Amino acid sequence: MQCHYCQNTCIKKGWSKNTQKHQCKTCFKYQREQWVYQSYRVTDRQIIQLTKEGCGIRSTARILEFSSTTIIRRILRIASNLKRKTPISFGQTYQVDELFTYIGNKTTAFVLLTP
Ligand SMILES: [Zn+2]
């Protein structure tokens, strides 16, 4: 087997979850020929679609049969790649329908509604 990182030869070095592990002779990294955890099969589109339907993180994780940590990590990655469509510029007047804020602690939340 060739190393995925440096393309040198690897030797067999132990077992994990009924799959053979290999270790590179030069960079000493452990790797397998096939991935065991199949989270890469979930596409971003599936996660976006389930989020749009109103599924929470835990229900998305149940439907896709992955851990909620994986779903949270993927949602954060998707969100970090989003770009704002129209930039908010300074010195302009904007109408705000709802504004949530809190003073002191979070149990005393104030809701300011503007008509
Ligand atoms: Zn290597």
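Student: At what angle do helix 2 and helix 3 pack, and how far apart are their axes?

Tutor: In this predicted model, helix 2 (residues 57-64) and helix 3 (residues 68-80) pack at an angle of about 110 degrees, with their axes 8 Å apart.

Student: Why is helix 2 called roughly perpendicular to helix 3?

Tutor: Angles of 65 to 115 degrees count as roughly perpendicular. The angle here is about 110 degrees, and therefore helix 2 is roughly perpendicular to helix 3.

Student: Which residues make the contact of helix 2 with helix 3?

Tutor: Helix 2 contributes Ile-57, Arg-58, Thr-60 and Ala-61, while helix 3 contributes Ser-68, Ile-71 and Ile-72. By class, this contact has 4 nonpolar, 2 polar and 1 charged residues. Arg counts as charged, so Arg-58 of helix 2 is the charged residue of the contact.

Student: What makes helix 1 oblique to helix 2?

Tutor: The axes of helix 1 (residues 44-52) and helix 2 cross at roughly 130 degrees and come within 10 Å. Roughly perpendicular ends at 115 degrees, and roughly antiparallel requires an angle over 145. The value of roughly 130 degrees fits neither class, so helix 1 is oblique to helix 2.

Student: Which residues of helix 1 and helix 2 meet, and how do they divide by class?

Tutor: Gln-46, Ile-47, Leu-50 and Thr-51 of helix 1 meet Thr-60, Ile-63 and Leu-64 of helix 2. They divide into 4 nonpolar, 3 polar and no charged residues.

Student: Where do the helices stand in the order of elements?

Tutor: From the N terminus on, the order is β-β-β-α-α-α-β-β, with 3 helices and 5 strands in the protein chain.

How values were computed:
Residues numbered from 1 in each chain as written. Predicted model: local features only at pLDDT ≥ 70, side-chain atom pairs only at ≥ 80, totals over all residues. Helix = DSSP H or I, 4+ residues; strand = E, 2+ residues; numbered from the N terminus. Axes fitted to C-alpha atoms, helices over the stretch in contact; angles between N-to-C directions. Parallel < 35°, antiparallel > 145°, perpendicular 65-115°, else oblique. Contact = placed C-beta atoms within 7 Å.
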